[in-house]
Each structure stands twice: as C-alpha cells, then as structure tokens.
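Work through the exercises below with the sequence and the model side by side. Try each task before reading its solution.

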Amino acid sequence: MLDLQRLTTTLWRGLLIALSCLALRLLAIWIYRLTFHPLAKYPGPWLAKVSDLYGAYHNARGQLHIETEKGHRRWGPLIRQGPDKLVFNSATALHDVYSSNEVQKSYGYTTMIPAPGAYNIFTAVDKGIHKHKRKVLSQGFSDQCVRAFEPKILDHIDIFLAKLVGSPERGSGDGEWSTPANMTDRCRHLGYDIMGEFGFGQSFELQLKDDNRFLIEAVTATTNKAGVYVQYPALANLKLEKLLYQRGLGMREKYLQLMSDLVRSRISKEKDAKNDLLYFLADAKDPETGLGFTEDEIWAESRFLLIAGADTTSTALTTAFFYLSAYPACYEKLAYEIRNTFSSGSEIRSGPKLAQCQYLRACIDESLRMSPPISGTLWREVCAGGHVIDNEYVPAGYDVGVNPYAVHHNEDCFPDSFTFKPERWIPSADNSEKDIERARRAFSVYSIGSRACAGRNMAYTELGDSIARTMWYSDFRRPEGPLGVVGAGAEGSREGRHRVKEFQLMEHLTCSHDGPFLQFCGRKGLTDELFHDRRAPPASY
Ligand code: HEM
C-alpha cells in the first residue's frame, strides 16, 4: 500500500518536473524569439513573434488576410508574422520577392504532398522539378488550346444563364424577376463543370444534378486543412483534420475515388481523343528533355488542377457579381458597353470585339483587386546568401512574402482602395498612364515570376465570356430584405468585416464565401437562343 503511494507520488513528481522543463524550454524559446532572434527588431503581433499558431489560428478562422492588412496599417509596410516570417507591403517588395531567383517556395508547401515524392507543379519546391512540370503543363494552357476549348466553356455558360433566368417566358422583358439565386453556389457549379471538361474531358454536371456536388465540400475541407498547415507546418504531424474536418474528409474519400475513376478512364481513352489537360499530362513531353509524366504525377497534378482552376475562377466570378450589383453606375456602364458592342449573344466569345470591351476587363481586374481569390501570403524562403527586399536585407532560411489583399488595399498603390472603381484601370483625364502603371505593378492576383498562375488565360476567357453573356441576355439585381445583403460586410461588425460594399472572403488556401443572392430577368426577345435545345432545364436548385 505504502509502495503504491510512493510510486504515485514519484510519478506525479516526474510529470511535474517534465512539464516544468517543457514550460522552461518554451519560455527560453519565446524569450529568444522576442529578443535575440535575427527578426526580433521587426514589429508585429506578439503571438506571431513567438509562434506560428498566430497564422494557423487566423487562417482557420478565414481572416488572416484581414489581420495582415490591419497589421500593415498599424505597424507599417514590414511586419513579422511568425517567428521566422516577414511580410512586406509594397510593389517593390512584390517584385523583389516573386521575380527573384534568390527565393524558393517555402517548406510549408510540402505539407500538401500526399505521399513522399508526389509533387505537383504547385507543391514542387525544387526549382528543377518545377521547371520540368511547368514546361509540360504550359503547353495545355497555351492560347491555342484555350481557344480550341472555348466552345465548351460557352455551352456551360449558356446552361448557367438558362437556369438563372429560369424559363424562356421570363425573357419577355416584362419585369418578371427570378427567385433569388445564391451566386456562390451557381458560380461554383459552373466553375467545376468547366474545369472537369477542361482538365479531364468530362463535365461533373454540378449545374444539372446534385450527384457530384459533394466535390465542393470535399475540396473546401482539403483547402481549409492545407491553409492551416502551410502557416504552421509542424501541426501537420498532429493530423488535426481528423478532429476538425471530419465531415469534409468523409467526402474527400468519395472525391478521391471520383477523381481516380476520371483519370483512369481518361488515360485509357485514345490519347488524342480530346485536347484536355489530361491529354497533355499523359502524352506531352518536356520539349528539352523529352521526359513526360508518370501515372503518379498525373494523379497529383489533376487533383491540384481542379482546385487551382475551379475554386479560384468561381470565386472571381462570384465577386464580380457582388460588386456589379453593389455599384449600379458600374453595372449600367458595363451593360451599355456589352449591349452596344455585340449584335447577338452567340457573337460573344474571344476575338477582337471582346478584346475591345475595356470596361469589362476593368471590372474583372477591379473585382480581383478588391477581393483576390487567393488572398493569403504566398510564402517564399530566402535561399543561401540572403536577399534584399525593399531595401531590407533578409538572411537565408526565413520566409518572406507580400499579401495580395493587403497590397491591393495599400493606399499608395490604389487610392480609395476599398471603393470598387473599374475606372482606375482605364486611361482618362483623371487617370494617367503613370497611375495605371503604378496600379499594375502592385496587382498580384495571379502572383508574378516563374511561379505565377499558369492558367490566367483560361481564367480571363471564362470570366469575360460569363460576365459579357450574362449582361447580354439578362438584367440582374439584389433582392430586397435580408437576402440582399448576404456576402456583404455589416456595419458594427469587427474591423475588416464592417464595410457594407465589400464582399466577405474567408481566406484559407483558396477562399470560402456566401452570396450574393441575385434575381435575374431575361432581356426582351433575346433569351430564346439560350433555351434552344434546353426547353426544360432540370429544376434541381
Ligand atoms: C481568377 C482565377 C485564378 C487566380 C486568381 C489564380 C491565382 C493563382 C496564384 C496566385 C498562383 C500562384 C500560387 C503560389 O505561388 O503558390 C497560381 C498558380 C497556378 N494556377 Fe492559377 N489562378 C486562377 C485560375 C487558374 C486556372 C483557371 C488554372 C488552370 C486551368 C490555374 C492554374 C494554375 C497553376 C497550374 C498554377 C501553378 C503555377 C506554377 O507553380 O508554376 N489557375 N494561380
């Protein structure tokens, strides 16, 4: 009995000593990080200086972009946002970081690798591996490939519009408005269907039926988890997703199965059956080395491409609908441009007429500036020898970056930055070429340099066609009442969520959002061609 008591006391003592040692070690690390650490002199939130928990916590809550923007306003253009991380806020820093050879993608990206060696173009930190992947994949993103694919994009957009307008009768222009539709859902379904076809030669048919709509929840769970681990890579070892994203991860199994079936069935088809991305992945070779992709690599790329292409573009489209419905003068100006440039809806496709719609392009860029679909800092690690960023020397081994949301709301680059002003992208008496050049230099929605977005051609084609065709065939507006403000900031909310004309993004790796709800009304005599061959669009919404 006495022995048992003694044993318990010894165990408790041991535990207490172990905990005290751990606490002391942590304290010593924190004191070091706050005082002697090479980045100790930089300002920033206290928690960020001592631990990456700061970034993980705010990312999990979808608000790290907002905290970063607020941080710059409080502490200036250079802040410490993790024990080993610096975030800058200027156009010069943007170019110094992302166009430089002295940095590489940060270690955090490797937490997204599903199995050792299974890199994709996005997660490959090694510059040589990336270069090979980029060369092979870029062939599938060429202008020529996107143009060849455009008729498919247009088919999906016409389904999107037919379902929004609802019926050909509503195209009578008699002011009968559709029931409000949540544009987050509609644009996601459109974006995934287009990407299914572009990537794998097969639509997921999210617009038409709900069988595969679980994909969106599965991808969201994946990006939410990845967003946290990129901020705090050590957390990946704890496998917290089993606790935090249980439902989404259940969906993930179904998603992996669906993707795996898709990839297998596509690979087994004739190689040149269609010019989709899988064709390039399966068959194209690096023009210099003659090397292609293995089946594992194809698998890793296709999973990434779905997220890269569908999630981002659908957020961009939703955002454009939000701002156009929030700024009636911009809506009118765009409607005028589209309705006076084309003579029929089917004429709206890439070509000289669409290219001449400069207000359309300005609206797209301004939406992307206001609410970038990738709003988080894209961390880069400084390579051996260190690197000078915006006149600041950063030693090797530290992570650096510029936050797209913050730099897009830097008043030196974008005056009146929280107002949607497409005019800032167009030369005029009030807006010189120099002003536009300054804005362009700080525009980082697709990032810049060798790791910049490979699919921006495709994104602009999808966005331009969707918005122009919507403006051609229909009018849209926000409904009265509470539905009319879904997705907007609210007065009285915490700072950063308080702007009623700003679309609210929850930043993870890509972004989640809700709304806006919109009503549609077909333009008189114009919607018949939309409903041609689809008299009864399935009423599955
Ligand atoms: C508005 C829509 C889009 C936005 C805002 C966007 C943004 C970005 C950004 C910021 C990056 C750099 C990521 C990093 O450095 O970690 C990126 C990379 C990439 N994006 Fe996009 N993207 C969009 C659409 C697309 C589309 C439609 C595709 C494909 C069909 C695509 C394919 C890629 C690929 C392959 C990369 C990796 C490039 C590399 O590392 O070499 N993106 N994108």
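Four exercises follow, each with a worked solution.

The model is predicted: local features need pLDDT of at least 70, side-chain atom pairs count only at pLDDT 80 or more, and totals for chains, interfaces and linings use all residues. Residues are numbered from 1 along each chain as its sequence is written.

**Exercise 1. The ligand shell**

Find how many residues surround the ligand, and which element gives the most to the shell.

Solution.
- Take a residue as near the ligand if its C-beta atom, placed from the backbone, lies within 6 Å of it.
- This gives 22 residues; the closest are G309, T312, C453, G455 and A459.
- Elements giving two or more residues are α6 (127-138), α13 (295-326) and α19 (456-473). Helices here are DSSP runs (H or I, at least four residues), as are strands (E, at least two), numbered from the N terminus.
- α13 gives the most, with six residues.
- By class, the shell has 15 nonpolar, five polar and two charged residues. Nonpolar covers Ala, Val, Leu, Ile, Met, Phe, Trp, Tyr, Cys and Pro; charged covers Asp, Glu, Lys and Arg; the others, Gly among them, are polar.

**Exercise 2. The open sheet**

Give the strand order of the five-stranded sheet, and say which strands stand at its edges.

Solution.
- Count two strands as paired if DSSP finds at least two bridges between them.
- The order is β1-β2-β8-β5-β3, with mixed pairing.
- β1 (78-82) and β3 (103-105) stand at the edges; each has a single partner strand, so one side of each lacks a neighbour in the sheet.
- Check the β3 edge: β3 pairs with β5 (residues 380-382) in the antiparallel sense over three bridges. V103 has V382 as its bridge partner in β5.

**Exercise 3. Helix α8**

Test the length of α8, then decide whether α8 is enclosed or open.

Solution.
- The expected span is 1.5 Å times one less than the number of residues.
- For the 18 residues of α8 (residues 183-200), that is 26 Å; the end C-alpha atoms are 25 Å apart, which agrees.
- Call a residue buried if 20 or more other C-beta atoms (placed from the backbone) lie within 10 Å of its own, exposed if 12 or fewer, and partly exposed in between.
- In α8, 16 of the 18 residues are buried, so the helix is largely enclosed by the rest of the structure.

**Exercise 4. Backbone exceptions**

Locate E205 and D416, and classify their exposure.

Solution.
- Most residues other than glycine have a negative phi, and most peptide bonds are trans.
- E205 has a positive phi near 60°. E205 lies in the loop between α8 and α9 (214-231), and is partly exposed, with 18 C-beta neighbours inside 10 Å.
- D416 has a positive phi of about 55°. D416 sits in the loop between α17 (404-408) and α18 (433-442), and is exposed, with 9 other C-beta atoms within 10 Å.
- G515 and P516 are joined by a cis peptide bond, with omega about -5°.
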